[in-house]
Amino acid sequence: MAPSAIDRKRKSVPAEHNEASESDVESEAEFGDGLLEGILSQSESEDSDEESDAEEDSDEEELDLDALEALDSDEIPSEDGGSEAEEPIGSLVKSNGTKNAVVALREKPLPDEDEDKPNYTITTDANGGERYVYEEIDPVYDSDDSDAPITTNTIGDIPLSFYDSYPHIGYDINGKKIMRPAKGEALDALLDSIDIPKGWTGLTDPATGKPLNLSQDELEILRRIQTNEMPEDGYDPYPATVEYFTGIEEIMPLSAAPEPKRRFLPSKHEAKRVMKIVRAIRQGRIMPYRPPEERQEEEEETHYDIWQDEVPRPDHIMNIPAPKIAPPGYDLSYNPPPEYLPTKAEKQAWETADPEDREKEYLPTSYGSLRKVPGYEKFINERFERSLDLYLAPRVRKNRLNIDPASLLPKLPRPEELKPFPTVCSTLFRGHEGRVRSLAIDPSGIWLASGGDDGTVRVWELLTGRQIWSAKIGDDEGVNVVRWRPGRDAVILSAAAGEDVYLLVPPIVDPEMDAASRELLDKGFGHATNATQALTANGARKEPVAKWTRPGSRLEDEGVLIKITLRTTVKVISWHRRGDFFSTVSPTAQKSAVAIHTLSKHLTQIPFRRLPGIAQTVQFHPSRPLFFVATQRTIRSYDLQKQELVKIIQPGARWISSFDIHPGGDNLIVGSYDRRLLWHDLDLSTRPYKTMRFHQKAIRAVKYHKGGFPLFADASDDGSLQIFHGKVVSDMMENAQIVPVKVLKGHKVKSNLGVLDIDWHPREPWCVSAGADGTCRLWC
């Protein structure tokens, strides 16, 4: 039995390296056989048909060289920057490997050249005469009947028993004999009966004499018939009946002319009803119609004044005196009593007061007689206002809904109830010259590492802000990213400057931890020396993807132990949770944009031979063997054990800047350059569950709190940080609760850049931020 890939690999390793740690074994199991070279590209090709919708978005991410070079700068990609570049036709021929096919098409003669050629060749027969040999006939069945069998034997309905004494069983369409198929010996027949092929029936085709095998569709029809099922999908055994005939007998007249009046027979019942109405009219019980004016004249009532000639009479029970006119109101009278008349002071106060503040709309006035009362002075004004009301405000009844606007808003808890979360800046870190591009807090929560445009990596004491150690690793290039290795068995810091990735052991720990960290880094040199070198198809030595070397005596004295040189600028470093693998992203590299490095073996592998789109960032799943790769518009999830594509997440953003995975593993947040923050529920849909727009400029970084607090934050170029409360429950019926709780401002905006990176403390509700103003801040 041939040895497996793992056995061959183990034989090449020296004896002192055979015993691997428990974490390495678990990591090997999670990453399959440990060989990741181009594995995820195979899953891409297998699932290409299922991703037609996502491929349309990924095709838009093909950018020209100008867009790739723009990724090296800090300029924010424009909203129209996602236009794809059209490739020339020649490049398509080369990339698809169909150059030979194109040449063959060019060499093939045109159809017009073959039309005049004869379909036969002239040869010489046995007697020396000319013989015409025609080409074999290619039968083409042009009928619309798709169920017609393909005929190979042209003997018609003649039984095959007539050919029992002949070596052939008939003739094909060209007149050639169809030889009888050879029959196997008894041993072959026994073997065939033991290993029954698929579709075997044991019958012989009478037309060809060969064993008759049924296809899968024919076997399925037979199975359906045996089990009393429908022979095919969509068959309706009870179709709707079409009534071609009816049971109603229609009697058609001989003539279509109308009936003559002489055949009309009046109804006796109708005659009785008519006579009843006539008698009512004659008796006056039914009156003829009259216009309303005539009816009003006759129906006018006559009124009599019974007190016209009244004389004074003594009071008596039988005497009804005429009703008296009601006396006028007190102050409303034209001649009110003197006590109701206002004084001069009251009259002056009423005249000086505003019309809205007056208690009465009138002022009591005394007139000697009724003829001295003047006309109403506001009569014309009130009539005019009344006319305007009737004209401009028609009397239409409206049903108003008295809804409180506050009741329409979702009921969210108050931010004071969701504490603790960072609110103020407690520590300021100064020392970098230029922008601080990246920072990270170590797993113990004591040290803060930062890297900036000055090419230095600095380690600070988190609580005091005091600088402990620094090293300059980039001469002409700035430090793009710094990340700590997870785990407390060693203290290793990774940093990327230009095309180089450095692994550092800062002298900030005790000697035992320092020795363990250095031993872990030096362990892979032995494996790399004894590893089998990859060869090309021509047998030449294959150039490695990355070179693992020593950085030099000067950097080694400062704590920089390993230098990994890649082909293009590295922008992202992401560690696996066990600490033996980490991934890097070089957006300007097309085929080798994403690389996975193995620390214990000093091995670098490229998992993608072709990545749809430009890689932006990557992340390992916090608990499962999943690998997430974010391109310009989509995020793809790959299973490292099964080595296949699992899911394509479509946030809908124009340009993804960063993303992070929830510690629970079922939710994900995405930040984009078009000012959007998106929350994804991976179990719910591939589309975002919530889209938030709280920033005026691009979002540079997003981060979850990994220490048990339901917090996450984003950093933007407007110089602010937005802190959110994001509670995720285990109940599948309840959605995540997202509440913005605080906006942190303190960084200055320089050259249209604000906050570039953010990180959380592993145990406390504290966060740190890196700004373009050259400072780092601790928020508590």
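**Notebook: surface patches, salt bridges and buried residues**

Entry 1. Arginine 279

I began with arginine 279, which is partly exposed at a relative accessible area of 43%. I note at the outset that the model is predicted. I looked up the element that holds this residue and found arginine 279 in helix 11, which covers residues 268–283. I then asked which residues gather with Arg279 in a patch of positive charge. They are Arg273, Lys276, Arg282 and Arg285, and the patch lies on the surface. Patch members need over 30% relative accessible area. Arginine 279 meets that cut-off because its value is 43%.

Entry 2. The whole protein

I next recorded the overall figures. The protein has 780 residues, and 33% of them count as buried. I counted 17 helices and 35 strands in the protein. The accessible surface comes to about 52,700 Å², and carbon and sulfur atoms account for 52% of that area. I also looked at contacts between residues at least 6 apart in sequence: 51% of them join residues at least 24 apart.

Entry 3. The nonpolar patch

I searched the surface for nonpolar side chains that group together. Tyr120, Ile122, Tyr132 and Tyr134 form such a patch, with about 430 Å² of accessible area together. Which strands supply at least two residues each to the nonpolar patch? I found that they are strand 1 (120–124) and strand 2 (130–134). Tyrosine 134 belongs to strand 2. I asked whether tyrosine 134 is buried or exposed. Its relative accessible area is 54%, so tyrosine 134 is exposed, the cut-off being over 50%.

Entry 4. The negative patch

I turned to the opposite charge. Glu293, Glu294, Glu297 and Glu300 gather in a surface patch of negative charge. I located glutamate 300 in the loop between helix 12 (292–298) and helix 13 (344–352). Glutamate 300 counts as exposed, with 63% relative accessibility.

Entry 5. Salt bridges

How many salt bridges does a search of the whole structure find? The search returned 20. I examined three of them in turn.

I looked first at arginine 223 and glutamate 229, whose side chains meet in a salt bridge at 3.7 Å, N to O. Arginine 223 is partly exposed at 36% relative accessibility, and glutamate 229 is likewise partly exposed at 38%.

I then looked at aspartate 453 and arginine 437, whose salt bridge has its closest N and O atoms 2.4 Å apart. This pair links distant parts of the chain, the two residues being 16 residues apart. Aspartate 453 sits in the loop between strand 9 (447–452) and strand 10 (456–461), whereas arginine 437 is in strand 8 (residues 436–441). I checked how far each partner is covered. Aspartate 453 is partly exposed, with a relative accessible area of 28%. Arginine 437 has 18% relative accessibility and therefore counts as buried, the limit being under 20%.

My third pair was arginine 676 and aspartate 674, joined by a salt bridge of 2.8 Å, N to O. I found both residues of this pair to be buried. I also found salt bridges that share partners: they join Glu220, Arg223, Arg224, Glu229 and Asp233 into one network.

Entry 6. Serine 517

I looked up serine 517, a residue of helix 16 (residues 511–530). At 0% relative accessibility, serine 517 is buried. Which residues does serine 517 touch, leaving aside those up to four places away in sequence? I noted Ala490, Val491, Ile492 and Val505. Isoleucine 492 is 25 residues from serine 517 along the chain, yet their C-alpha atoms are separated by 6.6 Å.

Entry 7. Threonine 634

My last residue was threonine 634. I asked where threonine 634 has its place. I found this residue in the loop between strand 22 (626–630) and strand 23 (635–639). Threonine 634 is buried, with a relative accessible area of 1%. I also recorded its separation from alanine 615: the two are 19 residues apart in sequence and 9.7 Å apart in space, C-alpha to C-alpha.

Definitions and conventions:
Residues are numbered from 1 along each chain as its sequence is written. This is a predicted model: local features need pLDDT of at least 70, side-chain atom pairs count only at pLDDT 80 or more; totals for chains, interfaces and linings use all residues. Side-chain values use heavy atoms; hydrogens and water are left out. Patches are made of residues with over 30% relative accessible area and no salt bridge: like charges are joined within 9 Å, nonpolar side chains (Val, Leu, Ile, Met, Phe, Trp, Tyr) within 5 Å. Accessible areas come from the Shrake-Rupley method with a 1.4 Å probe; for residues, only the protein chains shown count as cover. A salt bridge is a side-chain nitrogen of Lys or Arg within 4 Å of a carboxyl oxygen of Asp or Glu. Lys and Arg count as positive and Asp and Glu as negative; His and the chain ends are not counted. The place of a charge is taken as NZ of Lys, CZ of Arg, CG of Asp or CD of Glu. Helices (H or I, at least four residues) and strands (E, at least two) are DSSP runs, numbered from the N terminus. Buried means under 20% relative accessible area, exposed over 50%, partly exposed in between (1.4 Å probe, protein chains only). Contact means heavy atoms within 4.5 Å.
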